Amino acid sequence: MQHFSITVSFLLVGSLMANTPLNLYISYHSGYDSNVMRFSLKEIENVAENKDVMGGANTFDSYINKINTRLQKTIFEIDKKELSLSSSFNLSSYAHNPNKSYWSGNFSTVYKWGSYRNLKYSLRHLNSYYLRHYTNRDVSTNSLRACFFSDRNQIITITLPIRKRIWYTIGAGYLQRYYDNTFTEFDLDIYYARLRLNKRIKKFGTVSLQIDRVSAENVTYNKTAVSSNFDRSYDAMEWYIPIKMDRSLSYFNQAGFSFRQEIRVYDAEALDDALHSGRNHKDMKIDFWLNKKITDRLDITLSSRFRKRGTDSSYEWVEDLKSFKQMHLWCKIKWAFTYDNY
Amino acid sequence: MIITNKPIFITIFTIFIGCMQPNEESVWSVSEEGVFSTSGFCRNVSVINNTAYVAAGQSGVQVWDLNTGVKLNEFLGYYNSGEYLDFEDIAIVQPEEVNNLLFVNESNEAVMVFLLENPDQLIFRGFIMSARTKDFLSFSSFDEVDRFYMLSADNDDGLKYHKYKPDTTFNPVTGELIEWKPILGIGGETPTDGKALGIDSDGVSKVVMAVDQLGVEIYKFDSLGSDLMLHSKYDLEGNAEQVKLTDEGLFVSCDDFGAYFLSNNYIESGQGSVVHFAEDLTVDHISVSGDIAVLSIGSKGIALYDISDPINPEPRGIFDIGYVYRSKFWNGKLLACTRSGLKIVTINS
């Protein structure tokens, strides 16, 4: 958190000193989340038996307000070579679940040296993101505590063309997912490799296929008290297929659809770890969006996401517990500004 | 060139500081140093110097050298009037150094006294206290040879307190003393409404007894030390099973209702603090050393608490080290009586 703030400060100072315009984007998102705490159907049915699992919330769903600001600056542009920096800051507030409110930030730098040729480094921080109230099994058998985690995600990618209108991106990433004090037994170091193929189709738009190969290591396995006796390490494969249509549209400027699926398999094989042993899940996200440019500086995006996680386990209660459905709806209004003092 | 270097510097700087550190959890850790396989369940242990006297359930009485991990002796039974008798289920073993005695209690029975002059042989010296003894304590009488005190929690009789001396009757065959008898006029039996289960004492002024559903009772020695008077009693939630007196107050294990701490002020005047903690744990026994309280929680192992401020015990983790009946501190380590034997555990606090 402190390091992230320092980085962003450096970026701002560094950017403002270059003699190029500074682009500023501000967006407001109004949204709805149908299942904020990702409860399974079984849990929703049983919540009346233990209302404490709601963590003080009275509803499973919530309206969301989100504000995003993004700064972007091209540091230099010589011929086809270009170096740019950008950073963004998000503030999310859940109207019906105050625990869930959080902030996140991003910093990235891109060096381009031609069409579909670039090298990018990105750093993203997600701060104290609330999952729900869980039993703190390290010290208790039924005492519920709020469970938060923070993400620090870094990725370096290189993009190169294959042939005309087809290009690819390969990259490697390192995501640290560390939980707040009472749930550090879930801490993960997640390493992933990324391959993405993109094709620009004439009079249609862009179609991509992205594959992430993920290996997550439970760094606190056996390092805290009793609840760290379970190994939460896993391997995963994630498919992501975004289709963006930005040609031949009469009213909207862009329409899009994406399909994302993560197939996760837990490493645990211990017989006494029914919750993780032999467990795997398929986490599917389907997104739709429509974008309309109102003016040069103002555009609106409507989007929706349907998410479904299906868990497979030898134990039916684990499948019931870890499967859920979730729906997001968003309306985003974005303003673009340019500050050019030169 | 200057503006080119700056973003590169920023990027490199960001990569270097991009990683974050995990949060530190406030739990402690434990490491198992070793297990002495007692064959039967290790129900209780007493330690003198570095020798452990183990109540090993159906595997009788065992004596272990804690430094070397060597079993020095194992006693599966004893001779009484020429007849060999097997131990049934040993629950408590306590040595008494001054008179070379070993007190052995089978579950729900009277206390057996053995002479342990020869380390390879238990010489039966009779029964003391009475049937349904659940817990007992003994103190040597250092100013008088051939004397010891014993306090017991008797499930149907209440609190028993006696000073013992050797019987003057000699075995005509061996010429040895054959039993110990209470000295008349010192101590006696104090009935209680509750069912006595556990007992502890500072050996000077106070005796506390866990009396199951009725909580705890505090007794004081009279000015001569010859009798015990009921000072106060406190009903607690759950079934009070075991008690542990410390300099700050009294810890009580209350089975399904966790544990209690009663401050000295509360015990003395009813005006101090009563703290209920580990409410959701089934606490069978509590041992205390310095700032550490170890709660034996049966099949879940042990629960550690930081009691540097006993009014606010802070949980420091549950550790699954097997089914734990009770524990005892020895040389800064923890001896855990478990179903798989006597475990030596280091607590990293």
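This report describes strands, sheets and buried residues in a predicted model.

**Chain B as a whole**

Chain B contains 2 helices and 30 strands, and its C-alpha trace spans about 110 × 50 × 35 Å along its principal axes. Of the 349 residues in this chain, 45% are buried. Among the contacts in chain B with a separation of 6 or more, 43% are between residues that lie 24 or more positions apart.

**The nonpolar cores**

The largest nonpolar core has 98 residues, and those with the most contacts inside it include B:Val54, B:Met209, B:Val216 and B:Leu295. Strand S13 of chain B, residues 148-154, supplies the largest share of this core, namely 5 residues. Apart from this core lies another one, of 14 residues, and among its members are A:Cys147, A:Tyr178, A:Tyr266 and A:Ala268.

B:Val216 can serve as an example from the 98-residue core. When its neighbours within four places in sequence are left aside, the contacts of B:Val216 include B:Val208, B:Met209, B:Ala210 and B:Val211, and also B:Tyr234, B:Leu236 and B:Val252.

**The sheet S16 to S19 of chain B**

In chain B, an open sheet of 4 strands has the order S16-S17-S18-S19, and the pairing is antiparallel. Its edge strands are S16 (198-201) and S19 (228-234) of chain B, each of which pairs on one side only. From one strand to the next the twist averages 20°. Strands of a sheet pair through backbone hydrogen bonds, and this can happen in a parallel or an antiparallel way.

Strands S16 and S17 of chain B form a hairpin with 4 residues between them, and in the turn B:Gly203 has a positive phi of about 75°. The two strands pair in the antiparallel sense over 4 bridges, and B:Gly198 has B:Ala210 in S17 of chain B as its bridge partner. On S16 of chain B, B:Gly198 and B:Asp200 point one way while B:Ile199 and B:Ser201 point the other way, and all of these are buried. In a regular strand the side chains alternate between the two faces of the sheet.

Further along this sheet, S17 (residues 206-210) and S18 (residues 216-221) of chain B run antiparallel and are joined by 5 bridges. Here B:Met209 stands opposite B:Glu217 in S18 of chain B.

**A second open sheet in chain B**

Another open sheet of 4 strands in chain B has the order S1-S30-S29-S28, again with antiparallel pairing. Strand S1 (29-36) and strand S28 (324-330) of chain B each have a single partner strand, and therefore one side of each is left without a neighbour in the sheet. The twist in this sheet averages 30° from one strand to the next. S1 of chain B pairs with S30 (residues 341-348) of chain B over 7 bridges in the antiparallel sense, and B:Val35 has B:Lys343 in S30 of chain B as its bridge partner.

**Strand pairs in chain A**

In chain A, strand S10 (residues 234-245) runs antiparallel to strand S11 (residues 254-266), and 12 bridges join them. Strand S11 of chain A also pairs with strand S12 (residues 280-293) of chain A, in the antiparallel sense and over 12 bridges. The table gives one pair of bridge partners for each.

| Strand pair | Residue | Bridge partner |
|---|---|---|
| S10 and S11 of chain A | A:Glu238 | A:Glu262 |
| S11 and S12 of chain A | A:Ile263 | A:Lys282 |

**Two partly exposed lysines**

Why is A:Lys292 described as partly exposed? This residue is found in strand S12 of chain A, and it has 15 other C-beta atoms within 10 Å, which places it between the limits of 12 or fewer for exposed and 20 or more for buried. Leaving aside neighbours within four places in sequence, A:Lys292 is in contact with A:Phe252, A:Asn253, A:Asp299 and A:Ile300. A:Ser248 is 44 residues from A:Lys292 in sequence, and their C-alpha atoms are 14 Å apart in space.

B:Lys195 lies in the loop between strand S15 (180-190) and S16 of chain B. B:Lys195 is partly exposed because it has 19 other C-beta atoms within 10 Å, whereas a buried residue has 20 or more. Beyond its neighbours within four places in sequence, B:Lys195 is in contact with B:Asn155, B:Val211 and B:Asp212. B:Leu214 is 19 residues from B:Lys195 in sequence, and the C-alpha to C-alpha distance between the two is 7.9 Å.

Notes:
Residues numbered from 1 in each chain as written. Chains lettered and ligands numbered in written order. Predicted model: local features only at pLDDT ≥ 70, side-chain atom pairs only at ≥ 80, totals over all residues. Core = buried A, V, L, I, M, F, W, Y, C linked by C-beta atoms within 7 Å. Contact = placed C-beta atoms within 7 Å. Pairing = 2+ DSSP bridges. Axes fitted to C-alpha atoms, helices over the stretch in contact; angles between N-to-C directions.
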